[in-house]
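Colleague: Could you walk me through the aromatic contacts in this one? I'd like the cut-offs behind the labels too.

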Amino acid sequence: MSAYRDGDKVIVMLPSRLSKAEEEQWITTILERLAERERRRRPSDADLEARARELSRRYLGGRAEPASVRWVANQRTRWGSCTPDDATIRLSTRLRGMPSWVVDYVLVHELAHLLIPGHGADFWALVGHYPKTERARGYLEGVAAAEHLPLADEDDLPDDLTHGVAG
C-alpha cells in the first residue's frame with residue numbers, strides 16, 4: 001500500500017483483495033500520512049520559527065532569539081539571510097523539500113549570525129555545534145554546483161570546512 005502525487009492528483013495503490021470499507025479506511029490513513037509527510041517537508045513560517053527556536057535552544061544555548069523566521073522566494077543565490085539589527089531570518093523557498101537536516105543547518109547558520117555577524121573562526125565554531133554541519137554543507141554545495149550557482153567566497157570559510165554555502 002502506497003501513495004504518491006502525480007501533479008494535482010494523488011495515486012493510491014492498494015491490494016485488490018480489500019473490501020470497499022477496508023479500501024476507504026486505508027485510503028483515509030494513507031492520505032493522512034502523505035499530508036503529514038508533506039507538511040514536514042514543507043513547513044509553514046510558524047513551523048520554521050518554532051524549529052529555529054528549538055535549534056537555538058539545542059545547539060546555541062538558547063542565546064539566538066529571532067524576532068521572525070520566514071520563507072522568501074526572492075533569494076536566488078543564497079540559502080538564507082539574517083538581519084541582526086532586527087533579528088529577522090529568511091530562508092529561500094528553494095530549501096523546501098530538501099531533507100530536514102539541511103534546512104536545520106541553514107537555520108543554525110542564520111541563528112549564529114544573530115550572535116556573531118561575520119564568518120570568522122568564532123562564527124564557524126558556533127555553527128559547528130550542529131552535528132550535521134559538514135554533511136549539510138556538502139549537500140548544498142552539490143545542489144549549488146548542479147544549478148550552476150555561485151559558491152561562497154573563500155574569505156567566508158574556515159580553513160577546515162569545504163566551501164559552497166552562501167549565508
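Modeller: Sure. Bear in mind that this is a predicted model, where local features need pLDDT of at least 70, side-chain atom pairs count only at pLDDT 80 or more, and totals for chains, interfaces and linings use all residues. Residues are numbered from 1 along each chain as its sequence is written, and side-chain values use heavy atoms, with hydrogens and water left out.

Colleague: How many aromatic pairs does a search of the whole structure find?

Modeller: Three. One of them is W101 with Y139.

Colleague: Why is the W101 and Y139 pair called edge-to-face?

Modeller: Rings of Phe, Tyr and Trp (its six-membered ring) pair if their centres lie within 6.5 Å, and planes under 30 degrees apart are stacked, over 60 edge-to-face, the rest tilted. W101 and Y139 come out at 5.6 Å and 75°, so edge-to-face fits.

Colleague: What does that pair tie together?

Modeller: W101 is in helix α3 (residues 100-115) and Y139 in helix α5 (residues 133-146), so parts 38 residues apart in sequence are tied together. Helices here are DSSP runs of H or I, at least four residues, numbered from the N terminus.

Colleague: Is W101 buried or exposed?

Modeller: Buried: its relative accessible area is 16%, and the label means under 20%, with exposed over 50% and partly exposed in between (1.4 Å probe, protein chains only). Y139, at 31%, is partly exposed.

Colleague: What makes F123 and W124 edge-to-face?

Modeller: Their ring centres are 5.0 Å apart and the planes sit at 80°, so that label applies. F123 is buried at 0%, and W124 is buried at 6%.

Note on methods
Helices (H or I, at least four residues) and strands (E, at least two) are DSSP runs, numbered from the N terminus.
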